[in-house]
Amino acid sequence: MSNAIVTTGSSAARAPRPDSTLDSLDAAALAAVDDVPASAPEPREPPPPPKSGPTLTRVPSDRDLVERTLRGDARAFGEIVLRHQKRIFRLTLHMLRDRAEAEDVTQETFVRAYGALARFDGRSEPYTWIYRIAVNLSLNAIRARRSARRSKTRQEEEAKYLAMESDATFRSCSPPVDAARRQLYVALARAIDGLSDTLRTTLIVVCVDGRSHEEASVILGAPEGTIAWRVHEARRKLRELLAERGFDLDDALLRDRGVS
């Protein structure tokens, strides 16, 4: 109806109607249009459509961040570091039992990952790939430590193990050790360190850090059946090593510590 009436002063002139409009209206409707007074108020604008709710921004996946990094967005890789550095540090701390070494290996892990990002083939998740770099660098640090033949007295070794109790990162995945459990804790730490690199690494990845057998298979490059056997063998050897030191393997304690 707004283009049926054109207001000029006090008179109203009818705007021409297209024939199709006339065909669709009956006589009564036309009469009603003709009788609209010139002083009729202008029709109101239709109300605006309701605003849609806030647009939810999708959190980029690790793969998204890798692609953005490869396109030159250095901040995207910084986001990957922020997401995963605490967990990588916790892994290296369990592997090395030395905070300074763990910090160095964690930093080197992300430096290596950034430098090799163009060679990431995408067959695994970026975190799994970074995790594997951290495991390999930790093992290299352990071997370098052995080849250097750095000897420690028994007191120095115990001090190293017990110092881990006060480390906030280490305690976040290990319950505090009271005085009654102190000797068992030291014996257990020694027993874990006494495992072969393969068994110890598998035990830490699966039982301490909580990776599934499937994830451990990708990280360590071994079939899932082999991972299961390594975990079983590591537990068996722990029992033997603790027995040699006069301790029984307290299943409840090991469940608390994540290695049962």
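Is L117 buried or exposed? Select L117 and take a look before reading on. With a relative accessibility of 4%, L117 counts as buried, because the cut-off for buried is under 20%. Please keep in mind along the way that this is a predicted model.

**Stop 1: around L117**

L117 sits in the loop between helix 5 and helix 6. Now add V66, T69, L70, F77 and W129 to your selection: L117 touches these residues, leaving aside those up to four places away in sequence. One of them, T69, is 48 residues from L117 in sequence, yet the two C-alpha atoms are 8.5 Å apart in space.

T69 takes you to helix 3, so select residues 62–70 to see that helix. Its buried residues are D62, D64, L65, V66 and T69. Just after helix 3 comes G72, with a positive phi near 105°.

**Stop 2: along helix 5**

Next, select residues 99–115, which make up helix 5. How far apart are its end C-alpha atoms? They are 24 Å apart, and this agrees with the 24 Å that 17 residues should span at 1.5 Å a residue.

Colour E101, A102, V105, T106, T109, F110 and A113, which are the buried residues in helix 5. These buried residues cover an arc of only 165° around the axis, so they lie on the same side of helix 5. Then turn the view to the face pointing away from that buried side, where you will find the exposed residues D104, Q107 and G115.

At the N-terminal end of helix 5, show the side chain of D98, which caps the helix. One of its side-chain oxygens lies 3.2 Å from the backbone nitrogen of A100.

Step back to R97, in the loop between helix 4 (74–96) and helix 5. What is unusual about a positive phi here? Most residues other than glycine have a negative phi. R97 is not a glycine, although its phi is positive, about 55°. R97 also counts as buried, because its relative accessibility is 3%.

**Stop 3: paired rings**

How many aromatic pairs does the structure hold? There are three. Start with F120 and W129, which form a tilted pair with 5.2 Å from centre to centre and 45° between the planes. Both F120 and W129 are buried, and W129 is also one of the residues that L117 touches.

For another pair, select Y127 and Y131. Their ring centres are 5.6 Å apart and their planes stand at 75°; the pair is therefore edge-to-face, since planes over 60 degrees apart count that way. Both tyrosines belong to helix 6 (residues 126–147), where four residues, about one turn of the helix, separate them. Y127 counts as buried at 11% relative accessibility, and Y131 is buried too, with a relative accessible area of 0%.

**Stop 4: salt bridges**

The whole structure contains 19 salt bridges. Three of them are worth a visit.

First, show the side chains of R90 and D209, which meet in a salt bridge with an N to O distance of 2.8 Å. This pair links distant parts of the chain: R90 is in helix 4, while D209 is in the loop between helix 10 (197–208) and helix 11 (213–220), 119 residues away. Both R90 and D209 are buried.

Then return to E101 in helix 5 and add R145 in helix 6; the two are 44 residues apart. They form a salt bridge whose closest N and O atoms are 2.5 Å apart. E101 and R145 are both buried.

Finally, go to helix 12 (residues 224–244) and select E240 and R236, which are four residues apart and so separated by about one helical turn. The closest N and O atoms in their salt bridge are 2.5 Å apart. E240 counts as partly exposed at 39% relative accessibility, and R236 is partly exposed as well, with a relative accessible area of 32%.

To end the tour, select R87, R90, D209, R211 and E215 together: salt bridges that share partners join them into one network.

Definitions and conventions. Residues numbered from 1 in each chain as written. Predicted model: local features only at pLDDT ≥ 70, side-chain atom pairs only at ≥ 80, totals over all residues. Heavy atoms only, no water. Expected span 1.5 Å × (residues − 1). Buried < 20%, exposed > 50% of the residue type's maximum accessible area, 1.4 Å probe, protein only. Arc of directions from axis to C-beta. Polar contact = N/O pair within 3.5 Å; in protein donor to acceptor, adjacent residues only side chain to side chain. Phe/Tyr/Trp six-rings, centres within 6.5 Å; stacked < 30°, edge-to-face > 60°. Contact = heavy atoms within 4.5 Å. Salt bridge = Lys/Arg side-chain N within 4 Å of Asp/Glu carboxyl O.
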